[in-house]
Each structure stands twice: as structure tokens, then as C-alpha cells.
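Okay, thanks for making time, everyone. I'd like to walk you through the cysteines and then the packing in this one, so let me put it up on the screen.

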Amino acid sequence: MEEKSLLRFLFLMFGVLLLLVFTVFNLPYATPDKAELLDCTSTWCTSKNRFLKPHFLQDPPNPTRHHHSAVPHHPLDPLTVQEFNKIRTILSSHALFKSSPYALHSIVLQEAPKPLVLTWQKGDPLPPREASVVARVNGVSHVLTLNIDMSQVTRIEPGPLSGYPMMTIEDMTSATLAPLANADFNRTIIERGIDLTDLACLPIATGWFGKSEENRRLIKVQCFSMKGTANFYMRPIEGLTVLLDMDTKEVIQISDEGRNIPIPKAADTDYRFSTINAQQQMNLLNPISIEQPKGPSFTIEDHLVKWANWEFHLKPDPRAGVIISRAMVRDPGTGEMRNVMYKGFSSELFVPYMDPTDAWYFKTYMDAGEYGFGLQAMPLDPLNDCPRNAYYMDGVFAAGDGTPYVRSNMICVFERYAGDIGWRHAESPITGMEIREVRPKVTLVVRMAASVANYDYIVDWEFQTDGLIRVKVGLSGILMVKGSPYVNMNQVNQQENLYGTLLSENVIGIIHDHYVTFHLDMDVDGTDNSFVNVNLKREQTSPAETPRRSYMKAVRNVARTEKDAQVKFKLYDPSEFHVINPSKKTRVGNPVGDRPIENKDIVLWYTLGFHHVPCQEDFPIMPTVSSSFDLKPVNFFENNPILRIPPNVEKDLPNCKASASA
Ligand SMILES: [Cu+2]
């Protein structure tokens, strides 16, 4: 017995020692100083930074951007470093924060009321600068409104009755560490033959599953082995789930299953170019880039973007990522700037996994509301994330204690010429007319890429000169995979449901969905608009009427209530949806009513969905798959708004020397 106790003691001591060594050397978690935060070199900026290469972290911020001295010039300009510091001072002296520990989960500009923003003109004084702060004090959520100019907290409201605010970066970092303070957890890790120094744990999903989880801010943490690869996501420690209280950092429960499931191999999982040996590198293409010898056709003044016939305000946001506001397009007939959209942004990303088993049923992510889509937007990689001719914009956000930090190169803006055609027509020789009229299509792209743990989302707002806005979401990054005892499908019983696809030996890619919902406050020629469902219906004809048996007609239904406007797409019941201004001359002719959402300041929510059945090509990293929707002018202009643009001619283009073989 004595020997056994001694062994157990030695074993535990070994575990504790390893944990200490691991914590001290691998996971620095000290309060960062201000300079560190501003340069975004600390672990506070992102819990994932510790997995990135050191030279990347030391990338200096662009010296041409003076964030310390920046001041707002537009009512919608995001909070500046100076304003964040002022907010921090206001809060630290407020009674609510004096005696209790607190965390600031979100600090953003409280935008001025819409009528004020709409009437504001350049040169006018700015409306009062206000901030909206979501704070948790002693486990209770509060929403505060601050008047920054007056250094005052003007309103405190209790948070919503259910749910919790977005996690702070500190929440996420501490969730990765907290399991290591639990002896049972460390024991199972060691018993599974994993070195604690190879461990990477991640806050996986919050969710809410049953009464026992009520009134607690819980998260489930799962872990991976980093041994032999940077792509630790492909090496899950399957079946081990830690239920953690994020407020107390207490481990509530450890679900320790799947010990018979091996950790998938590290070989062939690394995706970094530096790890591919020279003989295996593929060079399929010659170098390519867009040249603009006369510079870009857009200007960006602080956050106001002007390009071709477009103008809009562009703001980085910790939750939404990118917010496009006050989008206006010039009418070629009258020359006036016409309102199109007051505000557009991705309001939520819902990603449910389709596996009801113990370690997977809870994986129903809310990537914006839980993790912060903007907080997870890492600096873009020039020349690869965005072309050479791109302009970059930084985000300025706040850490959990209110200290501002800069997320450099968070958004890029560039003109895209993809060789596409704006419009064209050629005449056949039978007409005797030799006509070939073609206009190239050049667009303006606003891009952000968020890496929500394993997954990468690329969000593009693309503006076209013909008045169309294309909103595109690209999915890339790494799958969330499940460890499996199987190395080949011939081992799998036909009756067994894998809930996904065997991608590699011991690796299953679980079926899941991505639903990206966009908040679209359309203001077509003003705030009061109506929503029209233009449904294409098959119309039967009578034999006496026409030799044709049927034709398609457009049936217009103006939505009178929110219920009317709820639309579920059906592949064989096509529709297009119009947001119209019934008071304008070019209106589509629908009767103007006075129902709840007719001729009112309406907001649309559009959900872009992806069903993802993983395939082997998704391993070890996914080629980008994208989907988009268009906000297209319909009877908005009197005619084709780019009728009068010139074609390309050789003499106007950059003089690039062709290679001998071309
Ligand atoms: Cu997916």
C-alpha cells in the first residue's frame, strides 16, 4: 500500500511539475503593458497568437497610420485610441466598477440616431460621441452608455435575461489554460500518452443544454496534440470534453470517453509552405498582378471610401467584422448621389455540426456573438489575401480591461479587374453592321478574413459600377474533425453512421452547416421602403388562346407584415426580392399601403447558407468554397447606368513587356 501511495504521489508531483514547466515556458499570461497591446504582440490580442510564428507577431504596425493621435471626422467613425483611453478612465472611476472585479466584453461606438447621421454634412460638428459598453461585474451583465465628450455614464441597463456577452480574448485564453489546473484532466492526458507540452486546448462552444447549465457561463473545452504539426486540429484527443465555468475557471465536469480512439497521425497535415520540401513544391503559374500606373481610382479619407460612382463609410467592428454604412451611388442621369443602403453587416454566423454523440452534440457555434467575427479577423497577408494594389485599414478594439489595441491590416480595399465583361454586344454579319461594343468590368472589393479558431471566413463586399453590390462569403481553413478507430472504409459496418466522411486514417470530417446572416438596412432613395416578393409563377394557357401551353409570369406581392416578408427559398419556386421606394417615379407600380412594414424604414436579414459534407480534398486544409448574394438595382436607374463608359484601348494600358515565350 505504502509503495502504491508513494507511486501515486510521485506521479501527481510529476504531473504538477510538468504543468508548471508548461505554464511558465509555453503560455505566458501576464498582464500586458499598453505598448504591447497597441502593437498587438501580446497573447491578449489573440489566444491563437501563441501558435503563430514569432516573426509574424513582431510584424511592426504600419508607421503611416497614427492611431494614437487619430480623431473622428464622421459621425460613424469608430472609437479612437484616445476615446478608448477616456472610456477606460470614465469607467474606472464609476461606482459600478470601483470595488468589484469586472470584464469589459464589448466597447463600441454608440452610433448617433439615424436622422442625425443622415442630416450631418461634412464640416458640421459631430453629434455627441457615445460609447456602448457591455460589462460583467460580479457575474452580472450590464449595458452602459457613455457620453465621451461629457465624461459621463448616461445609462446603465441590466443585460438580457438569458444569454451572455461575447467572450473576451482573456476568456478564451483562460479557457485554454483552466483544464490544466485540474488533476483529473492532467491524469487522463498523461494516461493517454500525451505530453502536456504538446497539448493545445480550445474553447469549443458554449451552447445551452439543460437546467444544470442554467445561470452559469459555461463553455466546453476540447484538446488536440500539437506534436509533429502546426495543424493540431487534425490531431483531436477524441472523446475528452471539459465543461468549464468561465467566471470561476472551475472545471465542472470531465467527460472522458474515446480512450480507444488513436490520435490521428501528424504526417501530411502541415500546410505551411516552409514545411514542403523544394522537390515537392508545385509551380503551376507564372507571377501575376494588377498594375495601376496612375494609382487607384478610389480615395479613402479616414473611413469614407469614394470610388467611381460609389461612396460609403467603412468601419471595422469587433463583432460584425466589417460594417458598410451610408452606401450611395451616383445617378448618371441627374448626377446626384442616391441612397442605397444605410447599414450592412454580418450579424451572426451559426455553425451547427450534425453529430449527436457525446463529444459533438453541443457544437452549434455562434461565431459572431460568441467569438466576435471582427476580433478573430487576423492581419491580412499582402499579395496573397489581397492583391498588390490593395489599401489596408486597421481595426482598433479594446481588451477585457478596456485597453485599446490595434489589429493591423484587418480590412483591405482594392480594385478588381478579373477579365470579366461589364456589358457587350456584337452584330452578326447578316445585319451588315460591323459592331462589337464591349466594356470591361472593374469592381471595388472590401475584404476581411476571420479565422474563428480552425475555420476561415473571407467576407467580400464588392461594388460594381452598374450599381450592384455583391456580398460574398468564402470558406477556407481547417475542418473540425473527429478522431476515429477506422483507417479505411472497409472496416466500417454498413449500418454504422459516421456522421461524416473518412478523410484520412483515423480522421472523420463531420457534416455541418454554415449560416451567415446579414443585417441589411436598405434605404433606397430614403428611409421609407417596401419589400416586394416577385414570384415567378407558371401560367397555364388555353389551347384556343395560343399554341404555347404555358409561360412564366412575375407575381408581385408587397409584404404588409413581417410575417409576409419571411421567405424560405425553394429551388423550384423562384423569386427575386425588391426593396422599393413607392414614392419614387420609377416605382414598380405597387399600391402604397399603410401596413406595419409598408413604406417604412425596413431592415432585411438575409441568410447565406452552406451545407458542408466534407470530402478528402478538404484535408488537411480546405480550398476556398464561396457563395454570394446580389443587391442589384431594379428599376432604380432610368437605363443602363454604365452605358456611357469607354472601352479599354491599348494605348491607355500599362506598358508591360511580354515574355519571349508568350
Ligand atoms: Cu464547413
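Let's start with Cys 386: its relative accessible area is 2%, so this residue is buried, given that buried means under 20%. Its partner is Cys 412, and the two sulfurs sit 2.1 Å apart in a disulfide. And keep in mind, this is a predicted model.

Where do the two ends sit? Cys 386 is in the loop between helix 9 and strand 15, while Cys 412 is in strand 16, so that's a link between distant parts of the chain, 26 residues apart. Cys 412 comes out at 0% relative accessibility, so that one is buried too. If you like dihedrals, the angle about the S-S bond is -90°, a left-handed link.

Now, how many disulfides does the structure hold? Two. The other one joins Cys 201 and Cys 223, with 2.2 Å between the sulfur atoms. Here the S-S angle is 100°, and the link is right-handed. Cys 201 belongs to strand 5 and Cys 223 to strand 6, so the bond ties together parts 22 residues apart in sequence. Both of these cysteines are buried. Counting bonded cysteines along the chain, the pattern is 1-2, 3-4.

Okay, packing. The largest nonpolar core has 108 residues, and among those touching the most other members are Leu 199, Trp 461 and Phe 463. Strand 5 gives this core its largest share, six residues. Domains 2 and 3 each put in at least three residues. There's also a second, separate core of 20 residues, including Leu 79 and Ile 87.

How values were computed: Residues are numbered from 1 along each chain as its sequence is written. This is a predicted model: local features need pLDDT of at least 70, side-chain atom pairs count only at pLDDT 80 or more; totals for chains, interfaces and linings use all residues. Side-chain values use heavy atoms; hydrogens and water are left out. A nonpolar core is a set of buried Ala, Val, Leu, Ile, Met, Phe, Trp, Tyr and Cys residues joined through side-chain atoms within 4.5 Å. Buried means under 20% relative accessible area, exposed over 50%, partly exposed in between (1.4 Å probe, protein chains only). Helices (H or I, at least four residues) and strands (E, at least two) are DSSP runs, numbered from the N terminus. Domain bounds come from an automatic or database domain assignment. A disulfide is a pair of cysteine sulfur atoms within 2.5 Å.
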